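Visitor: I would like a close look at a single part of this model, set in the context of the parts around it. Please take me through it step by step.

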Amino acid sequence: MHTKWVFGSLALASVAAAHSSFDLRVAHRALQKRGPKNAADAAKIYGINQQCQDYGDDTLYEMTQAKQFPTEGQIATIVSNDTEAKQIWNEIKSSGIIPSNVQVKQGTDGNMGIADSATSGYDKSDPDCWWSVTQCTKPKSNKIPEDFYQCDEPDTWGLTFDDGPNCSHNEFYDFLQQNKLRATLFYIGTNVIDNPYQAQRGITDGHDICVHTWSHHYMTTLSNVQVFAELYYTAKAIKAVMGITPRCWRPPFGDVDDRVRAIAAGLGLRTILWKEDTDDWSIDTGTPKSKIESNYQKIDGKANTESPIVLTHELTNNTMSMFVEQYPALKKAYKNVVPLTACLNVTNPYPEDIVYPNFEDFVGGNIDPKNKPDISTIKVDASASYKPVALSKQTDKGSYMSPGSGSASGASASSSGAGSSGTAASGSNQSDASSQNTSGASRTTAFTLHFVAVLIPMLAAGAFLS
Ligand SMILES: [Zn+2]
């Protein structure tokens, strides 16, 4: 009896030790059985709850089990056994691109905000080209290219959606398809890991994809290595899940300075901001719908004077529905509603062989990229190798680093005397942007509220940081 008892206890103890990983695997199998098996399956599910049920992709499950990505819900850092990431990070550091005179900004609320003292005490001559305070888009360092924030082409709305892939975006993506719309999608790394089939639909539907960081914090408040890891692992997730190497990114809240831009440039990512902001996210924090409608209408009213890149979100069903409601009016106001690939004449946004239509082709009706992956065959690929190339070393024509020239001189370009392809951000543009925006401090408060009010309920609902 005694021997048997001891043996039984040992057996139990070993089961207990294996308990968590065993349980996870059982749970994964159950999810896999219940949920969609691939992107094509997932695209046929409708209703928020049905689309947002967890499911299990085998390959991605093994990758996350092998700790190939940072912890979800936390600011990214290099994972401990990742020698490849460490090597790339060392190369960026030793390239000399990161300016040593730009300080890390003081964050608040776990880096979900910027301290008022940091913005109010910031040198007004703007030595860091810190967008959050001055809307600066022209770096002080000549090693870093300028940010994009407007289109080259006249009468054009640059269509972008941030914070996806949202687990319940099928109705919205259907709407984009039905209206022959293609957009630039700024995806959050953890959302790509959580919703891989929704992410795959983004690329197979013919949109173009940029990085929107791993965990959506204020980037100027993070250390150099955190900034690197936030961008690196998002791009790596996009490469594994969608098969493409992104070469563009947008800072959450627009919070970027030359230190952050430099690290992004080292990873081969061009910074993209916006000229007009719908503030659509604030519907979920209690802003009356009428206010967001009037924001859209104001942008509609500028169709003859500028060609803005516009900030809109696939954050929640409210932000997606708002775009659907506003689309007829904005389509009437702007002759062209196009993704940034067309708006900036970027025909080769990735090093992979996928060719996007330039502006002329796009408005002529050829809206889909050549060689884009197919929704019925796209698969997560654990062996996909993410190899970033610094912006300074990218020679590809038609890339975000070297866009093609426009078919016409842009409305905004002609009014400011500078095109947006790396030569924009004249003083007049910057003051335009300032006048549209609140001060840095109140902006910070508003965005913090955004996260408290929007993301906590979303976390509770099982969605993460969309
Ligand atoms: Zn965002």
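Guide: What follows begins with the chain as a whole, turns to helix 10 and one of its residues, and then moves on to the core and to helix 12.

The model is a predicted one, and its chain is made up of 19 helices and ten strands. Of the 466 residues in the chain, 52% count as buried, and among the contacts that join residues at least 6 apart in sequence, 76% link residues that are at least 24 apart.

Helix 10, which spans residues 196-204, is mostly covered, with nine of its nine residues buried. These buried residues are P196, Y197, Q198, A199, Q200, R201, G202, I203 and T204. After the helix comes G206, which has a positive phi, near 95°.

Within helix 10, Q200 is the residue to follow. Q200 counts as buried because it has 27 C-beta neighbours inside 10 Å, where 20 or more are required. Setting aside residues up to four places away in sequence, Q200 touches A39, V241, M242, I375 and I378. Its C-alpha atom is separated by 9.1 Å from that of N38, although the two residues are 162 apart along the chain.

One of the residues that Q200 touches, V241, also appears in the largest nonpolar core, which has 100 residues and in which L231, Y232, I238, V241 and I263 touch the most other members. Helix 11, residues 224-242, supplies the largest share of this core, namely twelve residues. Apart from this core lies another one, of five residues, including A39, A42, A43 and I378; A39 and I378 are also among the residues that Q200 touches. Returning to the largest core, I238 is in contact with Y187, V192, I209, V211, I244 and P246, once its neighbours within four places in sequence are left aside.

Another of the residues with the most contacts to other core members, I263, is one of the buried residues of helix 12, which are D258, R259, V260, R261, A262, I263, A264, A265 and G266. Since nine of the nine residues of helix 12, residues 258-266, are buried, this helix is largely enclosed by the rest of the structure. Its buried residues are covered by elements that include helix 5 (83-94), helix 11, strand 6 (248-249) and strand 7 (270-271). Just after helix 12, G268 adopts a positive phi of about 80°.

Conventions. Residues are numbered from 1 along each chain as its sequence is written. This is a predicted model: local features need pLDDT of at least 70, side-chain atom pairs count only at pLDDT 80 or more; totals for chains, interfaces and linings use all residues. A nonpolar core is a set of buried Ala, Val, Leu, Ile, Met, Phe, Trp, Tyr and Cys residues joined through C-beta atoms within 7 Å. A residue is buried if 20 or more other C-beta atoms lie within 10 Å of its own, exposed if 12 or fewer, and partly exposed in between; C-beta atoms are placed from the backbone. Helices (H or I, at least four residues) and strands (E, at least two) are DSSP runs, numbered from the N terminus. Two residues are in contact if their C-beta atoms, placed from the backbone, lie within 7 Å.
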